[in-house]
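This report describes one protein chain, starting with a single helix and moving out to the chain as a whole. Please look over the sequence and the structure before reading on.

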Amino acid sequence: EAKMRKLLALLDANRGKGSGFRAEEKDGAAVFYVYDAIGPWGVEAAPFVQAVRSASAKRIELRVNSPGGDVFDARAMKNALEDFDGEIVAYVDGLAASAASYLMLAADEIVMGEGAFAMIHKAWGLTIGNADEHRAQAALLDKGDDTLVADYVARTGKGADDIREKMAAETWFTAEEAVAFGLADRVAPPPKRKDASAR
């Protein structure tokens with residue numbers, strides 16, 4: 001609970017300081033930037049889902065650099081992406097942690113940037129109330145974990161017990177480890193810098 005309080009305090013202290021949600025058209029693709037926490041602290045589901053639903057391009061590039069956040073916002077965003085009638089490629093530019101690590105699972109291809117990380121863990125929650133309310137929250141968190149496990153199993157082909165073990169340990173994957181585990185498809189080579197004279 002102390003860990004959760006610290007995380008919520010950190011998110012609240014940084015509310016509005018990230019880049020939030022940004023969308024643009026580039027080379028015939030709709031590019032969506034999730035460069036912030038997911039939820040009321042940064043990238044909220046409503047504008048993201050609206051952008052997905054109104055995208056006229058046949059390809060979405062999802063650029064991710066996020067510590068995660070609200071599980072239900074991320075779920076709504078993932079469902080909207082999965083309803084998209086076109087190709088989706090997710091690029092983890094820096095970090096896809098927590099809820100952001102399963103948001104990326106909606107993509108047909110997941111590309112990890114060189115030096116990028118992905119992190120999976122068990123669902124968190126904060127409860128105030130009596131013992132019955134705490135037990136109810138624990139049951140809800142267990143159900144949330146079940147849905148996350150199913151997502152990771154479907155993507156990686158790993159067994160549910162293996163996924164649960166990795167989630168319980170709060171596992172951080174390097175780009176190469178994410179590919180080896182099946183969380184991602186490939187590591188992007190570093191971009192080639194143009195010759196100084198050309199610049």
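In this predicted model, helix 3 is built from twelve residues and spans 16 Å from its first C-alpha to its last, close to the 16 Å expected at 1.5 Å a residue. At the start of helix 3, the backbone nitrogen of F72 has a side-chain oxygen of D70 within 3.0 Å.

Which residues of helix 3 are buried? They are D73, A74, R75, M77, K78, A80 and L81. The cover over these buried residues includes the elements in the table.

| Element | Residues |
|---|---|
| strand 2 | 29-34 |
| helix 2 | 45-54 |
| strand 3 | 59-66 |
| strand 4 | 87-97 |
| helix 4 | 99-103 |
| helix 5 | 131-156 |

V71 also belongs to helix 3, which runs over residues 71-82. Is V71 buried, partly exposed or exposed? V71 is partly exposed, because its relative accessible area is 32%, and buried means under 20% while exposed means over 50%. Together with F72 and L140, V71 forms a nonpolar patch on the surface, and the three have about 280 Å² of accessible area together.

The rest concerns the whole chain. Its secondary structure consists of seven helices and eight strands. Of the 199 residues, 41% are buried. The accessible surface comes to about 10600 Å², and carbon and sulfur atoms account for 52% of that surface. Among contacts between residues at least 6 apart in sequence, 66% join residues at least 24 apart.

Methods: Residues numbered from 1 in each chain as written. Predicted model: local features only at pLDDT ≥ 70, side-chain atom pairs only at ≥ 80, totals over all residues. Heavy atoms only, no water. Helix = DSSP H or I, 4+ residues; strand = E, 2+ residues; numbered from the N terminus. Buried < 20%, exposed > 50% of the residue type's maximum accessible area, 1.4 Å probe, protein only. Contact = heavy atoms within 4.5 Å. Areas by Shrake-Rupley, 256 points an atom, 1.4 Å probe, with all protein chains shown as cover. Patch = residues over 30% accessible without salt bridge, like charges linked within 9 Å, V, L, I, M, F, W, Y side chains within 5 Å. Salt bridge = Lys/Arg side-chain N within 4 Å of Asp/Glu carboxyl O. Expected span 1.5 Å × (residues − 1). Polar contact = N/O pair within 3.5 Å; in protein donor to acceptor, adjacent residues only side chain to side chain.
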